[in-house]
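Student: Could we go through this structure together, term by term? I would like to learn how each word is earned before it is used.

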Amino acid sequence: MDFFAAQDAARERTGRLLWFFAGAVLLTVLSVHLGTEVLLAWYRGTEFHFRPHWALLPWTAGATLLPMAIGVVSKWASLSGGGAAVAEALGGRRIAPDAGDFHEKRLLNVVEEVAIASGVRVPEVWVLDEEPAINAFAAGADSSSAVVAVSRGCLERLSRDELQGVVAHECSHILNGDMRLNFHMMAWIAGILVLSVLGQVLIRIAPHTIGRAGSSSGSGRKQESSSLPLILFVSGLALLVIGSVGAFFARWIQAAISRQREFLADASAVQFTRNPEGISGALKKIGGLDEGSQLEAPRAKEVSHMLFCDGATGFFSALFATHPPLTERIRRLDPEWQGEMREGPAQEPGKTDAAESGAVPVAGLSEGQGFAAARKLLAELPAAWVDLARNPASAGRLVLELLQAFEDESASDSAGGLAACSVPQRMALLDLALSAARQLPKAQVRELLAACERQAFGDGVYNLFEMMLLQSIRRHLGVASGMRAAAAVRYADGMSLKGPMQIVLSAVAALGAEEEGARDASFQRGWGALRLGDLPRLDVALIPVAAIERALQECEQAIAALRGTLLQSCLAVASADGVYTDLEIAFIRAVGDAMGVPVQPLSSGQGGC
């Protein structure tokens, strides 16, 4: 599954949607203008002739676009809290890292395993306590503000394998760039719907202006006053119709795009877990339940395109279905399915995961290496460190200690023993700690980010170790604190980024080999995959760390496919000698974090802590 091409496809769909939206806005403006001219002709008692009064167009356009713009901006502002704002609006509750409930603890473990296996940062985990149906969603402006939320029915009715399939489906939405697309659609539709709301307001106001007719003196004023209720009613009705028609087509576009994204997410979930029975079993249970996937929250319809399955019912819900039919999704995952559905609870509290897992992977599909490595990695982490990482109150302190451990690689007992942990273990702890730290108030997140930078720059030396770790810290804490936004896309081809990519690959080559000849060979192996002509390897000893950091910032502005190709080239350089060193693993993770590209767990073969 090419996730990077999928992200670019999602970006292209956003662009096409923007053009559709622009066309809908243009037609809306012209409709309002035409309605205004008809209303003016009726009010003046003259016969209407369609001869556009262009001098009037700026006024009607402004009167139309202003409330729409306010609607878009206000909706986007309401979503500025990231996925947590969406989960809270649906009645969700954030699961505490020390949750004692069996089902909630199992969900936390599954989310951590799937997130680390897929290479995304560990998202916040929420539960919709009042929803007995089986459903879930991922929401957020990007991976650094993402949350995964599941219904109570999802927790209590799904086995661990089925829960893994659902969570993997949602993590793929994070990977494929679907979340930001979903936020765009919600904001744009809200802007068009503002006209309908304004029309409803005018219709409600109209009856209250009838009494003013008798209070006006003079025949001219009396005629104007007596016409006011009708003018308001007709204007409101026109806006209601225009806004509703615009919203109709906007939701139709939204549903068409969303249905295709669901097929990609299902396939991605199978790639992560290598167990199609997990996600197909969850879909079969939805088909076998009376509640199905229908949510009871009043705002379920608004976020239906984000859900694992359709969350609303009714005629219009079927017309604007944001998900493919349940049976079609199951058959794509299980071609031999005979139509039977499932029902019943999943596992009783107290049973072990091994006893619970009853799904058998399809022949030829063993458990994914990334998923197996993530589960093994988390299982090997000392419980004390994991508890510190999961707790928001102590996560910041652990982040600073991890930074200290990377600063001084020569002291094996520095930072409380963290330097003795392998790099994959430290990166896993960092993932957990950053996820917990994002739950802190924004002011505290900013303080933590400032403390990390003071620690990195305080000694006057900014080394490669500090730069590598700060890439992760800055990206994820910067987004959580509102101090950093996703970089705009500026580069669509590698020729524009030959210099920065040459620096990045030269740095990877320098970390993996001692001999100059070996470094040249590994560099050429990765550079050749880019197909950008011949360039020599640079001597990284002569390149300041700040220059490497700037090169990564430039590469962040490339399209997703190009960033993915660069990451694959980095892996080719690092694996040229058949092994990954700790330094290579740390730097590749830094490259991925700097560019917003997921990196699956890499094993150095080094002992644990």
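**From the whole chain to one sheet and one cavity**

Tutor: Let us begin with contacts, where contact means heavy atoms within 4.5 Å: of the contacts in the chain with a separation of 6 or more, 76% are accounted for by residues 24 or more positions apart. Please keep in mind that this is a predicted model, in which local features need pLDDT of at least 70 and side-chain atom pairs count only at pLDDT 80 or more, while totals for chains, interfaces and linings use all residues. Residues are numbered from 1 along each chain as its sequence is written, and side-chain values use heavy atoms, with hydrogens and water left out.

Student: What makes a stretch of the chain a helix or a strand, and how many of each are there?

Tutor: Both are DSSP runs, numbered from the N terminus, a helix (H or I) having at least four residues and a strand (E) at least two. By that rule the chain has 23 helices and four strands.

Student: How do you know which strands pair, and in what order do they lie in the sheet?

Tutor: Two strands pair if DSSP finds at least two bridges between them. E1 and E2 have three bridges and pair in the antiparallel sense, E2 and E4 have five and pair in the parallel sense, and E3 is joined to strand E4 (residues 147–151) by four, running antiparallel. The result is an open sheet with mixed pairing and the order E1-E2-E4-E3. Its edge strands are strand E1 (92–94) and E3, each of which pairs on one side only.

Student: Which residues stand opposite each other in these pairs?

Tutor: Arg-94 stands opposite Trp-126 in E2, Glu-124 opposite Val-147 in E4, and Ala-136 opposite Val-150 in E4. Ala-138 has Val-148 in E4 as its bridge partner.

Student: Why is E4 called largely enclosed?

Tutor: A residue is buried when its relative accessible area is under 20%, exposed over 50% and partly exposed in between, with a 1.4 Å probe and protein chains only. Five of the five residues of E4 are buried, so E4 is largely enclosed by the rest of the structure. Val-147, Ala-149 and Ser-151 point one way and Val-148 and Val-150 the other. In the chain of 609 residues, 53% count as buried.

Student: What makes an empty space a cavity, and how many are there of 30 Å³ or more?

Tutor: On a 1 Å grid over the protein atoms alone, a cavity is a set of points where a 1.4 Å probe fits but cannot get out. Grid points are joined across faces, edges and corners, and a volume is the space filled by probe spheres set on the points. There are four cavities of 30 Å³ or more, and the largest has a volume of about 170 Å³.

Student: Which residues line the largest cavity?

Tutor: Lining residues have an atom within 4 Å of a point, and here there are 14, of which Pro-97, Leu-108, Glu-112, Ser-435 and Gln-439 lie nearest the centre. Helix H16 (423–437) is one of the elements that supply at least two lining residues, and H16 gives the most, with three.

Methods: 1 Å grid on protein atoms, 1.4 Å probe; cavity = no way out; pocket = protein on both sides within 12 Å on 5 of 7 lines; lining within 4 Å.
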